[in-house]
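Biologist: I'd like to learn how to read a model like this one. Can you walk me through it, feature by feature?

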Amino acid sequence: MNSNTDVLDIDEIHMDAQTIDEENRILKATVEDLQKELAKYQRMPYLVTHIVDIHKPEEAIIQLNSGKFYVSVAKHLEGDLKPDDEVLVDQKSLTVVRKIGKSKHFDVSRFVIMEKPKISWNAVGGLEDQIREVKEVIELPLTHPELFKKIGIEPPKGILLYGPPGTGKTLIAKAVAKNSNAAFIEIVGSELVQKFIGEGSKFVKSIFELAREKAPAIIFIDEIDSIAAKRIEVGTSGEREVQRTFMQLLAELDGFKPLGNIKIIGATNRLDILDPAIIRPGRLDRAIEVTLPDEKGMLEIFKIHTKNMKLADDVCLEEIVKNVKKASGADIRAICMEAGYFAIRSKKTEIKMEYFLEAIKKVKKEAKEKSTDYLNLYGR
Ligand SMILES: Nc1ncnc2c1ncn2[C@@H]1O[C@H](COP(=O)(O)OP(=O)(O)O)[C@@H](O)[C@H]1O
Ligand SMILES: [Mg+2]
């Protein structure tokens with residue numbers, strides 16, 4: 001063997017060894033990468049949920065569709081979690097493994113009707129006593145809280161308006177909001193129940209937060225009976241959810257001061273099914289009945305709704321009222337509108353008495369057809 005070749009050989013072997021090492025390293029890295037990638041495919045997905053409550057740093061209550069669970073918290077998250085945080089939990093053990101952010105408070109303003117109402121007291125016919133009471137109990141405390149402080153009385157936090165449909169409950173709520181220069185936040189009980197399954201109580205909480213932000217504010221809860229109905233038994237999970245929403249509403253009502261600049265107005269056609277808890281002292285403890293108008297009231301309402309109509313000379317509103325006998329404000333509005341349509345159909349530019357009489361017949365017939373208990377009760 002020649003020494004030159006010997007040297008060369010050793011070098012070559014060195015080179016080979018290096019190349020092999022290098023290749024080995026690359027292969028190892030590739031295998032590692034592939035293993036990591038493979039692990040991703042094998043891993044069970046995490047569940048996304050939120051923290052309901054924390055009692056100890058190492059344990060949490062979380063909410064899943066199937067219910068609430070008391071679970072462990074991964075070591076690195078201990079002491080770092082708060083209620084409402086959005087988190088990932090392991091599917092098997094339900095251990096909280098990662099925080100993915102503060103739970104975004106869902107934007108309630110998208111789900112409520114919020115406006116500065118334009119309805120003035122002039123637009124409400126009849127109901128003098130009710131209007132006076134609402135002014136005293138809602139408007140005055142909002143506009144002149146100092147008066148109440150001086151005299152040393154606490155006005156109610158809210159009122160309940162009850163009575164047949166279409167009698168002006170919503171109208172009153174809007175008018176009082178306008179006159180108190182308050183933001184008007186309207187929610188409808190039945191929608192709350194349908195739209196926010198599982199989130200009703202959170203929604204109620206956010207509504208009150210929104211009101212505090214926009215204060216002075218009036219929260220108007222229409223159809224309040226759908227969240228505040230007496231329950232004989234709370235059986236299904238849906239009923240439990242409504243119950244929770246109701247509890248949250250009571251908690252919010254109890255939690256704010258009577259002289260603050262937030263007032264609550266509840267409205268219902270069904271006082272009979274309402275849970276008395278809602279009208280206990282310190283809650284909506286002033287119940288105001290909004291009745292069907294008497295003749296004088298009806299006349300006022302007819303005047304309001306015909307104000308911009310072109311009436312023929314033969315139209316006598318007193319006479320029309322006598323023909324109507326019993327109707328809600330909403331019926332009266334419908335009658336006026338129908339009378340207008342009769343004129344249009346007859347290609348007339350004035351509304352004659354006969355159109356009103358036709359309209360009364362039509363509206364009464366329709367009211368009978370879709371008659372509810374309430375309408376029967378009032379003998380229409
Ligand atoms: N007292 C009233 N005066 C004038 N219009 C009324 C009155 N009551 C009802 N209306 C008319 O009927 C419509 C519906 O009334 P609303 O206030 O929504 O009734 P409720 O909330 O009691 O069911 C109102 O927008 C208004 O046009
Ligand atoms: Mg209404």
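Biologist: Let's start with the ligand: how many residues surround ligand 1, and which are the closest?

Modeller: First, the ground rules. This is a predicted model, where local features need pLDDT of at least 70, side-chain atom pairs count only at pLDDT 80 or more, and totals for chains, interfaces and linings use all residues. Residues are numbered from 1 along each chain as its sequence is written, while chains are lettered from A and ligands numbered from 1 in the order in which they are written. Now, a residue is near a molecule if its C-beta atom, placed from the backbone, lies within 6 Å of it. Here 18 residues surround ligand 1, and the closest are G168, K169, T170, G329 and A330.

Biologist: Which elements give two or more residues to that shell?

Modeller: Helices (H or I, at least four residues) and strands (E, at least two) are DSSP runs, numbered from the N terminus. For ligand 1 the elements are α4 (169-179), α8 (295-306) and α10 (329-345).

Biologist: And why does ligand 1 lie between two domains?

Modeller: Domain bounds come from an automatic or database domain assignment. Domain 3 (108-289) and domain 4 (295-377) both give residues to the shell, so ligand 1 lies between them.

Biologist: On to the interior: which residues of the largest nonpolar core touch the most other members?

Modeller: A nonpolar core is a set of buried Ala, Val, Leu, Ile, Met, Phe, Trp, Tyr and Cys residues joined through C-beta atoms within 7 Å. Buried means 20 or more other C-beta atoms within 10 Å of a residue's own; exposed means 12 or fewer, and partly exposed is in between, with C-beta atoms placed from the backbone. This core has 51 residues, and I159, L161, I172, I185, I207, I218 and I219 touch the most other members. Helix α4 gives the most to it, with six residues. A second, separate core of 20 residues includes V321, A327, I335 and A339.

Biologist: Take I218: is it buried or exposed?

Modeller: I218 sits in strand β9, and it counts as buried because it has 28 C-beta neighbours inside 10 Å. Contact means C-beta atoms, placed from the backbone, within 7 Å. Leaving aside neighbours within four places in sequence, I218 has contacts that include A173, F184 and I265.

Biologist: Last one: what is the radius of gyration of the protein?

Modeller: That's taken over C-alpha atoms, and the globule rule is 2.2 Å times the number of residues to the power 0.38. The protein comes out at 34 Å, well over the 21 Å the rule gives for 380 residues, so it is more spread out than a compact globule.

Methods: Contact = placed C-beta atoms within 7 Å.
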